[in-house]
Amino acid sequence: MGFLLENIEKTESLEVGAGSSAILPLGGFVKGDPIVLITYKTCRETTAVAQKVHGICQGSLVYPYTNKVVSVATKGQAEVTAAAAVAINDYVILDATDKRKFTPATIDSSGGATTERQAFRALSIAGADGDKFIIDLTPVSIAI
């Protein structure tokens, strides 16, 4: 399964500091990893489910301290990894256990939700944990 991109930006020097190095994936960033915006010019791997996804890594970064440029999808469609089965048109959010994966969101229908989360619409299915699927990188805010 492939992916389409409307806009790719080159992000200079992803910051991987002491706060994120403990959970940095072995081998650095890989294709499909979510990237969150920390400051105006700095991105790094997501470390908390409440952080907002800035884009999706579109190329493998084997050596994150020496590779200074990574392509990041910021609009259009991108391929990501599922933490559980996903149906077409499901809203997905960052998984609470593995911040490199997305899981279906349970939207609060009772009106008593206290948490707003950034979500993305699934454009293809994922059968199980670890499957790749396509999301629309246009974020929406949902109540869970």
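Student: Which residues of the largest nonpolar core touch the most other members?

Tutor: This is a predicted model, in which local features need pLDDT of at least 70, side-chain atom pairs count only at pLDDT 80 or more, and totals for chains, interfaces and linings use all residues. Residues are numbered from 1 along each chain as its sequence is written, and side-chain values use heavy atoms, with hydrogens and water left out. A nonpolar core is a set of buried Ala, Val, Leu, Ile, Met, Phe, Trp, Tyr and Cys residues joined through side-chain atoms within 4.5 Å, where buried means under 20% relative accessible area, exposed over 50%, and partly exposed in between (1.4 Å probe, protein chains only). The largest such core has 16 residues, and those that touch the most other members are F102 and F133.

Student: Which element gives the most to this core?

Tutor: Helices (H or I, at least four residues) and strands (E, at least two) are DSSP runs, numbered from the N terminus. Two or more residues of the core come from each of strand 4 (53-57), strand 5, strand 6 and strand 9 (132-136). With three residues, the element that gives the most is strand 5.

Student: How many helices and strands does the protein have?

Tutor: From the N terminus on, the elements run β-α-β-β-β-β-β-β-β-β-β. The count is one helix and ten strands.

Student: Is V80 buried or exposed?

Tutor: V80 is part of strand 5, which covers residues 69-81. Its relative accessibility is 0%, so V80 counts as buried.

Student: Which residues does V80 contact beyond its neighbours within four places in sequence?

Tutor: Contact means heavy atoms within 4.5 Å. Sequence distance is a poor guide here: V80 and G32 are 48 residues apart in sequence, yet 4.5 Å apart in space, C-alpha to C-alpha. Apart from those neighbours, V80 is in contact with G32, I56, F102, D131, K132, F133 and I135.

Student: K132 is in contact with V80; is K132 buried, partly exposed or exposed?

Tutor: K132 sits in strand 9. The C-alpha atoms of K132 and V80 are 5.5 Å apart, with their positions 52 residues apart in sequence. The relative accessibility of K132 is 38%, so K132 counts as partly exposed.

Student: What share of the contacts with a separation of 6 or more joins residues 24 or more positions apart?

Tutor: The separation is the number of positions between two residues in the sequence. For this protein, the share at 24 or more positions is 62%.

Student: What is the geometry of the pair formed by the rings of F102 and F120?

Tutor: Rings of Phe, Tyr and Trp (its six-membered ring) pair if their centres lie within 6.5 Å; planes under 30 degrees apart count as stacked, over 60 as edge-to-face and the rest as tilted. By this rule the count is one aromatic pair. The ring centres of F102 and F120 are 6.1 Å apart and the planes stand at 85°, so the pair is edge-to-face.

Student: How many residues apart in sequence are the parts that this pair ties together?

Tutor: Both F102 and F120 are buried. F102 lies in strand 7 (residues 102-104) and F120 in strand 8 (residues 116-121), so the parts tied together are apart in sequence by 18 residues.

Student: Which strands stand at the edges of the open sheet of four strands?

Tutor: Two strands pair if DSSP finds at least two bridges between them. The order in the open sheet is 7-6-8-10, with antiparallel pairing. One side of each edge strand is left without a neighbour in the sheet, because each has a single partner strand; the edges are strand 7 and strand 10 (140-143).

Student: Which residue of strand 7 stands opposite V92?

Tutor: Strand 6 (residues 91-94) pairs with strand 8 over two antiparallel bridges, and there V92 stands opposite F120. Strand 6 and strand 7 also run antiparallel, joined by three bridges. In strand 7, the residue opposite V92 is P104.

Student: What is the value of phi at N89?

Tutor: Most residues other than glycine have a negative phi. N89 is found in the loop between strand 5 and strand 6, and its relative accessible area of 43% makes it partly exposed. Its phi is positive although the residue is not glycine, with a value near 75°.
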